[in-house]
Amino acid sequence: MDIESLVGKIQNKSSFLSFEISPNISARLDKELVVALRSLQEVDAFVCTDSPLARFKPSSILSSVKLQQALNKPVICTLSMRDRNSIALCGDILAANELGLRTFLTLSGDSIKYGDCKESKGVFEESSLKLGKIIDSLNAGVALNGKPLKEPVDRIYNFQVINAYANNPQSLIHKIEKKLGASKVYALFTQPVYSLQAAEFLLTHVEKYNVANHTNCALVLGFYPVMSYKGALFLRDKLPGVYIPDEWVQKLENAHHKGVDEEKKVGLEISLALLERLKGLHNKFHFMSANKPHLLKSFI
């Protein structure tokens, strides 16, 4: 599938499925992982992370190029404002264009305090909104410094991330409007969604914005199976913008005391039940599994 066909599938009424990959700490791609990823025929695109939670990983851009070549499927490259200033980011996006990397999931990035490189310093020149503006300018033939490009780029597509939950729902609506009003955004990928109500809320307000502003931004629901009590606690306590029901935590805690097999069984059951309900509402999903392609096969 070429890039334009991919973007078209995200924006029209077709079903869409992406799968998240986090590169291993290595100079080379994991051959076993590549083989497993190639078997995921149902996946339309892969999303390569950019050192999530500020934990060191190889370059998301170079890893995305290598994965796109190895998998022969589009790879959406995650880019954060945390580690590079706008000069570096604009230069990377521009140079990657000739290598066929043209889809980016842009975000501000997690704080260094969450990561494993405490001696590093976050850049955070601005938020992800600036990355969207950089991409808009490159598509218009203008570099960061305002000078025209010698040759035009092949169109670059910008996707952004939105929280799945907020204590103040109005603040989430404001974030949607702010992100979609700052630059051309082809899709919003959500953090993991754990309730039908949260998904309905996001879908409703993205559609309201599209109608009011004559835009066509798609919503892709993030889905992360919760297979353990420890995982549920992490999502509840450590991942901003995510809400996991207390009922899930309680069920997984009870299962945890009965053993690993029971814990996995209960986690799979409640995650599958949620996905089935979400499928009745929407047909575009981004599957996250901490590099476990085999887990996806239990859900498709």
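In the predicted model, helices H6 and H7 are oblique to each other. This assignment follows from the crossing angle, because angles that are not under 35 degrees, over 145 or within 65 to 115 count as oblique, and the axes of H6 (residues 169-182) and H7 (residues 196-213) cross at roughly 40°. The two axes come within 10 Å, and their crossing is right-handed. On the H6 side, the contact is formed by Pro169, Leu172, Ile173, Ile176, Glu177, Leu180 and Gly181; these residues meet Phe201, Leu202, His205, Val206 and Tyr209 of H7. Classified by residue type, the contact of H6 with H7 comprises nine nonpolar, two polar and one charged residues.

A second helix pair was examined in the same terms, since two packed helices are described by the angle between their axes and the distance between the axes. The axes of H9 (residues 246-256) and H10 (residues 260-279) come within 7 Å and cross at roughly 155°. H9 is therefore roughly antiparallel to H10, as angles over 145 degrees are assigned to that category. The crossing of H9 and H10 is right-handed. Trp248, Lys251, Leu252, Ala255 and His256 represent H9 in the contact, where they meet Glu262, Glu263, Val266, Gly267, Ile270, Ser271 and Leu274 of H10. The contact of H9 with H10 divides into six nonpolar, three polar and three charged residues.

Internal space was considered next. Rolling a probe the size of a water molecule over the atoms shows where empty space is left. One cavity of 30 Å³ or more was found, and the largest cavity has a volume of about 50 Å³. Its lining consists of Ala164, Tyr165, Pro192, Val193, Tyr194, Ser195, Ala198, Val242 and Tyr243. By class, the lining of the largest cavity contains eight nonpolar residues, one polar residue and no charged residues.

Among the pockets, the second largest encloses about 320 Å³ of space. This pocket is lined by 16 residues, of which Gln11, Glu207, Cys217, Ala218 and His282 are the closest to its centre. Helix H1 (3-11), helix H7 and strand E7 (218-223) each give two or more residues to the lining. The largest share, four residues, is contributed by H7, the helix whose Phe201, Leu202, His205, Val206 and Tyr209 meet H6. The lining of the second largest pocket has six nonpolar, seven polar and three charged residues.

Conventions
Residues numbered from 1 in each chain as written. Predicted model: local features only at pLDDT ≥ 70, side-chain atom pairs only at ≥ 80, totals over all residues. Heavy atoms only, no water. Axes fitted to C-alpha atoms, helices over the stretch in contact; angles between N-to-C directions. Left-handed = near helix turned anticlockwise from the far one by under 90°. Contact = heavy atoms within 4.5 Å. Nonpolar A, V, L, I, M, F, W, Y, C, P; charged D, E, K, R; others polar. 1 Å grid on protein atoms, 1.4 Å probe; cavity = no way out; pocket = protein on both sides within 12 Å on 5 of 7 lines; lining within 4 Å. Points joined across faces, edges and corners; volume = space filled by probe spheres on them.
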